[in-house]
Amino acid sequence: MTAVASLPPALTPAAHNHGRTRQPPPKVFFARSSMASHKNLLRSDGLLKYILETSVYPREHQQLKELREVTMKLIRGDMSVPPEEGQLLSVILKLMNARKTVEIGVFTGYSLLATALALPKDGKIIAIDMDRSSFEIGLPFIQKAGVEEKIKFIESKAMPILDKMVEEVKDEKDELYDFAFVDADKVNYEQYHERLMKLVKIGGAIIYDNTLWYGTVAEPLDPSLPEWMVDVRNLTIKFNEFLVGDPRVDISQLCIADGLTICRRIA
């Protein structure tokens, strides 16, 4: 794919938000950094630039780079996982020797491609998103990277697919998933968590994106924020409290991009 000018209907300004509560945040959230359209909570442009140019971009796969550049030209390009987060996911997957994963919320597929590249040749990913047209933008890069066979894309709401997957698990002796990544509608994060706890094996990881929501979770409520931003902020705070109280997982919340929480299933 070379042309971004002729976007699918789902990527035009009037489009739906492909099954997520996320929309491009008001520009105020990027005001902390002149590196516009790059979501991050760092207060220093210089430090972010150093991280990207020193350790991220030099190791970024060519197809990830090209997909990132195409995605950032889209109206909702900021929804994509940033490269430093993709790099972290890749290292985690390799440290775990993960082979079987689930991804909820795909968009154009930057995190999906990063995952596929990190998995061994026999690795498999179940990727679920309501909007295949966004996935189609990333598909040529996935194909060129030679990892399409690792991916099973399902165009659907996530809940019925997860419920079906749970039903197919007979007991803990079945081969469960090593890893799950969730970057989707925040209203269902708790419900996704409950299902993933039945699908991801003990010792496996479930990672949730956007858990600091542009830093708003730690700031006084701003009455000038659009209602949807306030709703997601409140849902994110509630979900963070839920994870802290869940004895079935170890957790670590990272200040990368706009928040990432790693859960390791222990029960």
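Which residues have the most contacts inside the largest nonpolar core? I took this up first, keeping in mind that the model is predicted.

**Entry 1, the cores.** I looked up the largest nonpolar core and found 37 residues in it. L112, L113, I142, F179 and I207 are the ones with the most contacts inside this core. I then noted that helix α4, residues 110-118, supplies the largest share of this core, six residues. I also recorded a second core, separate from that one, with 27 residues. M165, V182, M197 and V249 are among the residues of this second core.

**Entry 2, helix α4.** Is α4 enclosed or open to the outside? I found eight of its nine residues buried, so α4 is largely enclosed by the rest of the structure. The buried residues in α4 are Y110, S111, L112, L113, A114, T115, A116 and A118. I followed L112 further, leaving aside its neighbours within four places in sequence. L112 is in contact with E103, V106, I125, A127, F135, I142 and I151. I142 thus appears in two of my notes: it is a contact of L112, and it is listed with the residues that have the most contacts inside the largest core.

**Entry 3, helices α7 and α8.** I described this pair by angle and distance, as is done for two packed helices. The axes of α7 (residues 189-199) and α8 (residues 227-244) come within 10 Å. They cross at roughly 30 degrees. Angles under 35 degrees count as roughly parallel, and α7 and α8 are therefore roughly parallel to each other. Which residues meet where α7 and α8 are in contact? On the α7 side I listed Y189, E190, H193 and E194. On the α8 side I listed K238, F239, F242 and L243. By class, this contact has four nonpolar, one polar and three charged residues.

**Entry 4, cysteines.** How many disulfides are there? I counted zero, the rule being a pair of cysteine sulfur atoms within 2.5 Å. I looked up the exposure of two cysteines as well. C255 is exposed, with a relative accessible area of 53%. C263 is buried, at 0% relative accessibility.

**Entry 5, the protein as a whole.** I noted eight helices and seven strands. The protein has 267 residues, and 52% of them count as buried. I last looked up how far apart in sequence the contacting residues are. Of the contacts between residues at least 6 apart in sequence, 72% join residues at least 24 apart.

Methods. Residues are numbered from 1 along each chain as its sequence is written. This is a predicted model: local features need pLDDT of at least 70, side-chain atom pairs count only at pLDDT 80 or more; totals for chains, interfaces and linings use all residues. Side-chain values use heavy atoms; hydrogens and water are left out. Buried means under 20% relative accessible area, exposed over 50%, partly exposed in between (1.4 Å probe, protein chains only). A nonpolar core is a set of buried Ala, Val, Leu, Ile, Met, Phe, Trp, Tyr and Cys residues joined through side-chain atoms within 4.5 Å. Helices (H or I, at least four residues) and strands (E, at least two) are DSSP runs, numbered from the N terminus. Contact means heavy atoms within 4.5 Å. Axes are lines fitted to C-alpha atoms, for helices over the stretch in contact, and angles run from 0 to 180 degrees between N-to-C directions. Angles under 35 degrees count as roughly parallel, over 145 as roughly antiparallel, 65 to 115 as roughly perpendicular and the rest as oblique. Ala, Val, Leu, Ile, Met, Phe, Trp, Tyr, Cys and Pro count as nonpolar, Asp, Glu, Lys and Arg as charged, and the others, Gly among them, as polar.
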